[in-house]
Amino acid sequence: MGQKTKIQWTEATWNPIRGCSRVSEGCRFCYAEVMAARFAGPGQPYEGLASRTPSGPRWTGDVQLVEKHIFDPLHWKRPQRVFVNSMSDLFHEQLDDEQIALIFAVMAAARRHMFQVLTKRPERMSLWFTEAGPAATQEAWTENRIDLGNMRWPGWPLPNVWLGVSVEDPATAMMRIPLLLETPAVVRFVSAEPLLEPIDLRAVIMGNGDTLGTALFNHGIGTGLDWVIIGGESGPSARPCDVAWIRSIVLQCKYAGTACFVKQLGSNPVEANPDATFEFDFGCLRDSHGGDWSEWPGYLRVREMPDATTPEGS
């Protein structure tokens, strides 16, 4: 079984890569960076990958492939949704094409599971798929035939791999989502967490001159967005998340028929509009992350999963 997790939209995590670096404002209070710094002492898993500084925990920018965990999913018997690299980014610039390809080859072989890959680096993801990905992955598949088992190559896009991007504001949505939509995947998803500003998904302009509003309506391989996750920031320094921003994305998804999953309201949910009619005190939530939906008003209790093909047994 994969590493247990409290992340509501997945069932397990798999971390064959350790280490990362910041790329945007959504990284400022990264939980993975904080956790890595706690275990960065001599002989510990994140030695050399993170450190404690006067400004707080910081990644060093070094990234490592953890060889002893690469083939873990092949040994997990129970089918499950697996979040890949919850402590890193599969498309980090410090990883070479062959290392990424090996991870994809393992996912292709462990097809009883659904793998969820989330990145803040869609430029690298797009480049990898365009220039190296398919050929390098099939080469890794062939070279590791003994480890991966005697089965046929499933073809692209891999039937059990979902691809997603993290966004936190209109600027990152504008930059990252169009690149995701150009990348082949059976399920494409967006994680708007931590949500730091209102995002109108319909207003994100795609490279072909169309709008994301059109992409929201077009579901299926090669056509559009299948799933949107929403969450406010958590932790003692959490920046405010206006629940109206969350509600707006919920309504956008509902209108488009796109699956929506409200993960949490965050540690600092607010209602900034004095004319709002929510009639709910968001400052009285007992859950420190705002993740207990029994404390939410009904209009925010949305936790849908995208339609996806059930993985084959392996």
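The exercises below walk through a predicted protein model, each followed by a worked solution.

Residues are numbered from 1 along each chain as its sequence is written, and side-chain values use heavy atoms, with hydrogens and water left out. Because the model is predicted, local features need pLDDT of at least 70 and side-chain atom pairs count only at pLDDT 80 or more, while totals for chains, interfaces and linings use all residues.

**Exercise 1. The whole protein**

Task: State how many helices and strands the protein has, and what share of its residues count as buried.

Solution: Begin with the secondary structure, where helices (H or I, at least four residues) and strands (E, at least two) are DSSP runs, numbered from the N terminus. On that basis the protein has seven helices and 13 strands. Next, take burial, for which buried means under 20% relative accessible area, exposed over 50%, and partly exposed in between (1.4 Å probe, protein chains only). Of the 314 residues, 53% count as buried.

**Exercise 2. Glutamine 116**

Task: Find where glutamine 116 is placed, decide whether it is buried or exposed, and describe its polar contacts.

Solution: First, locate glutamine 116 in strand S7, which covers residues 114–119. Second, its relative accessible area is 0%, so glutamine 116 is buried. Third, look for polar contacts, which are pairs of N or O atoms within 3.5 Å; within protein, one must be able to donate a hydrogen and the other to accept it, and residues adjacent in sequence count only if both atoms are side-chain atoms. The side chain of glutamine 116 makes such a contact with the side chain of threonine 10 at 2.6 Å, and a polar atom of the glutamine 116 side chain lies 3.4 Å from the backbone oxygen of tryptophan 9. Finally, taking contact as heavy atoms within 4.5 Å, and leaving aside neighbours within four places in sequence, glutamine 116 touches residues including Arg81, Phe83, Trp162 and Met305.

**Exercise 3. Salt bridges**

Task: Explain why the salt bridge between glutamate 25 and arginine 239 ties together parts that are 214 residues apart in sequence, and then examine the pair lysine 263 and glutamate 193.

Solution: A salt bridge is a side-chain nitrogen of Lys or Arg within 4 Å of a carboxyl oxygen of Asp or Glu, and the structure holds 10 of them. In the pair of glutamate 25 and arginine 239, the closest N and O atoms are 2.7 Å apart. Glutamate 25 lies in the loop between strand S2 (17–18) and H1, and arginine 239 in the loop between strand S10 (227–231) and strand S11 (241–242), so the bridge ties together parts 214 residues apart in sequence. Glutamate 25 is partly exposed at 37% relative accessibility, whereas arginine 239 is buried at 15%. These two residues also belong to a network of salt bridges that links Glu25, Arg28, Glu233 and Arg239.

Turning to lysine 263 and glutamate 193, their closest N and O atoms are 3.0 Å apart. Lysine 263 lies in strand S12 (residues 259–264) and glutamate 193 in the loop between strand S9 (187–192) and helix H6 (212–217), so this pair ties together parts 70 residues apart in sequence. Both lysine 263 and glutamate 193 are buried.

**Exercise 4. A hairpin**

Task: Describe how strands S3 and S4 pair and what joins them.

Solution: Two strands pair if DSSP finds at least two bridges between them. Strand S3 (residues 50–53) and strand S4 (residues 56–59) pair in the antiparallel sense over four bridges, with serine 51 opposite arginine 58 in S4. A hairpin joins S3 to S4 through two residues.
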